[in-house]
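Let's take a walk through a protein together, one stop at a time. Have the sequence and the 3D view ready, and look up each residue as we reach it.

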Amino acid sequence: MTITKIIGILAIIYLSVLFIVFLTQRKLLYYPNTNSYLEEKNLKHKTEKIFIRTEDGLNLIAWFHKKNNVEKTLLFFHGNAGNLENRIYKLNHLGDLNINYLILAYRGFNGNSGNPTEKNIYLDAKSALTWLNSKGIADKNIILYGESLGAAVVIEVAKDKNFSGIILESPFTSMIEMGKVYYPYLPVRLLLKDKFDSQSKIKSINSPILVMHGRKDKIVPFYMGKKIYDLANKPKYSYFIDFDEHMMSFDLNLIKVIETFIKGLK
């Protein structure tokens with residue numbers, strides 16, 4: 001076999017890989033049925049199961065924890081894998097704080113209809129905000145919390161608006177940069193449909209921001225969270241911990257950082 005034929009065969013194989021990746025990329029990005037996180041079985045606080053209506057007619061499962069005479073509400077946007085139950089260990093700690101919380105499952109997650117895409121997830125997130133506003137909870141009393149992919153959702157929703165505060169857990173700079181980490185041999189910028197370009201939007205955030213990231217994160221490199229922090233406007237705060245990984249452990253130190261941040265908000 002000649003060199004020319006070998007090169008031709010390799011080119012066909014490479015182009016085939018590109019075609020397959022392009023068609024299946026969202027299956028490589030969203031994992032609604034994955035259950036690999038720390039999990040507690042029961043919520044400690046009274047939580048109402050509700051359904052949030054999106055502009056395009058879907059009803060999305062959400063959990064709402066409402067305290068009496070509490071002004072601040074935390075709106076939690078989860079990452080790209082797992083269900084709401086995977087976040088119970090976080091919600092049990094957040095429920096101990098002097099806040100309400102609402103956590104939404106994106107379309108395609110927790111049995112919801114629809115397919116997750118960048119555009120659709122942003123629509124879901126804005127629908128959750130609309131629901132809170134309809135209950136008399138103004139943006140100035142809402143704290144947006146984003147976990148991994150959810151951090152990109154928060155940054156999109158919060159740009160050029162004024163919320164009480166922003167908390168980003170394990171954020172990445174952009175999905176393009178993430179793709180380059182995992183698929184350095186592919187032209188990710190050309191192939192990628194859902195870009196989640198947080199680093200280009202972070203300067204549009206005017207609310208106080210807390211960035212949290214574990215240096216042992218094996219999924220989102222720590223330097224990405226550090227870059228998001230560096231690019232963010234003041235007032236900004238960081239919690240960078242040596243031993244924590246991607247889904248942060250929510251130990252007493254981290255909870256204290258979140259509590260102190262929330263107490264300092266107007």
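Our tour begins with Thr173, a buried residue whose relative accessible area is 4%. Keep in mind as you look that this is a predicted model. Thr173 sits in the loop between strand 6 and helix 5. Which residues touch Thr173, once its neighbours within four places in sequence are left aside? The contacts are Phe196, Asp197, Ser198, Gln199, Met224, Lys227 and Ile228.

Now move to helix 4, which spans residues 149-158. How many of the 10 residues of helix 4 are buried? The count is 10 of 10, so helix 4 is mostly covered, buried here meaning under 20% relative accessible area. You can find them one by one: Leu149, Gly150, Ala151, Ala152, Val153, Val154, Ile155, Glu156, Val157 and Ala158. What lies over these buried residues includes strand 3, helix 3, strand 5, strand 6 and helix 5. Just after helix 4 comes Asp160, whose phi is positive, near 60 degrees.

Helix 3 deserves a second look, as one of the elements that cover helix 4. The axes of helix 3 and helix 4 come within 10 Å and cross at roughly 65 degrees. Angles from 65 to 115 degrees count as roughly perpendicular, which is why helix 3 is described as roughly perpendicular to helix 4. The crossing is right-handed. On the helix 3 side, the contact is made by Ile121, Tyr122, Ala125, Lys126 and Leu129. Helix 4 brings Leu149, Ala152, Val153, Glu156 and Val157 to the contact. Sorted by class, this contact has eight nonpolar residues, no polar ones and two charged ones.

Two names from that contact, Lys126 and Glu156, lead us to our next topic. The side chains of Glu156 and Lys126 meet in a salt bridge, with 3.9 Å from N to O. This pair links distant parts of the chain, since Glu156 is in helix 4 and Lys126 is in helix 3, 30 residues apart. Are the two partners buried or exposed? Glu156 counts as buried, at 11% relative accessibility, whereas Lys126 counts as partly exposed, at 40%.

The search of the whole structure finds 16 salt bridges, and we can visit some others. Glu147 and Arg87 form one, at 2.6 Å from N to O. Here too the pair links distant parts of the chain: Glu147 belongs to strand 5, and Arg87 to the loop between strand 3 and helix 2, 60 residues apart. How accessible are these partners? Glu147 is buried, with a relative accessible area of 1%, and Arg87 counts as buried at 0% relative accessibility. Salt bridges that share partners join Arg87, Lys90, Glu147 and Glu169 into one network.

For a last stop, find Lys44, which forms a salt bridge with Asp96, the closest N and O atoms being 3.3 Å apart. Lys44 is in the loop between helix 1 and strand 1, while Asp96 is in the loop between helix 2 and strand 4, so this pair links distant parts of the chain, 52 residues apart. Lys44 is exposed, with a relative accessible area of 54%. Asp96 counts as partly exposed, at 49% relative accessibility, because the exposed class begins over 50%.

Technical notes:
Residues numbered from 1 in each chain as written. Predicted model: local features only at pLDDT ≥ 70, side-chain atom pairs only at ≥ 80, totals over all residues. Heavy atoms only, no water. Salt bridge = Lys/Arg side-chain N within 4 Å of Asp/Glu carboxyl O. Helix = DSSP H or I, 4+ residues; strand = E, 2+ residues; numbered from the N terminus. Buried < 20%, exposed > 50% of the residue type's maximum accessible area, 1.4 Å probe, protein only. Axes fitted to C-alpha atoms, helices over the stretch in contact; angles between N-to-C directions. Parallel < 35°, antiparallel > 145°, perpendicular 65-115°, else oblique. Left-handed = near helix turned anticlockwise from the far one by under 90°. Contact = heavy atoms within 4.5 Å. Nonpolar A, V, L, I, M, F, W, Y, C, P; charged D, E, K, R; others polar.
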